[in-house]
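Please open the structure in your viewer and follow the stops below in order. Each stop names a selection and then describes what is found there.

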Amino acid sequence: MTGDTCEKPVDILSRIIRTSSRPGDIVLDTFMGSGSTGVACVQEGRRFIGIEREDKYFETAKRRIEEARKGLFA
């Protein structure tokens, strides 16, 4: 079903990540999409591996995660 989206709000993902992992753990998202899980990982102090086959979503995810990192260190 190419083209379908599954929005994952960062605040909900942050709560899930916070309660199911420890700071410094690695979180794997095999369907990264626009990178919400990666953003949540940055916010919660987790490392992140994301996989996305669609270039446009990968580029969006990369930008969002980089922006989240800059927000922490600004």
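**Stop one: a serine and its partners**

Select S36 and K8 to begin: the S36 side chain lies 3.2 Å from the backbone oxygen of K8. Please note that the model is a predicted one. Now add R64 to the selection; its side chain and that of S36 form a polar contact at 3.2 Å.

Display helix α2, which spans residues 36–44 and includes S36. Is S36 buried or exposed? Its relative accessibility is 9%, so S36 is classed as buried. Which residues surround S36, once neighbours within four places in sequence are set aside? The contacts of S36 are then K8, V10, L13 and R64.

**Stop two: the two faces of α1**

Next, select helix α1, residues 10–20, and colour its buried residues: V10, L13, S14 and I17. These residues lie on the same side of α1 because they cover an arc of only 105° around the axis. An α-helix has 3.6 residues a turn, so residues three or four places apart point the same way. V10 and L13 were already met as contacts of S36. Rotate the view to the face of α1 turned away from the buried side, where the exposed residues D11, T19 and S20 are carried.

**Stop three: the segment before α1**

Finally, select C6, which is located in the segment preceding α1. C6 has a relative accessibility of 63% and therefore counts as exposed. Add G33 and draw a C-alpha to C-alpha distance: C6 and G33 are 8.4 Å apart in space, with a separation of 27 residues in sequence.

Definitions and conventions
Residues numbered from 1 in each chain as written. Predicted model: local features only at pLDDT ≥ 70, side-chain atom pairs only at ≥ 80, totals over all residues. Heavy atoms only, no water. Helix = DSSP H or I, 4+ residues; strand = E, 2+ residues; numbered from the N terminus. Buried < 20%, exposed > 50% of the residue type's maximum accessible area, 1.4 Å probe, protein only. Polar contact = N/O pair within 3.5 Å; in protein donor to acceptor, adjacent residues only side chain to side chain. Contact = heavy atoms within 4.5 Å. Arc of directions from axis to C-beta.
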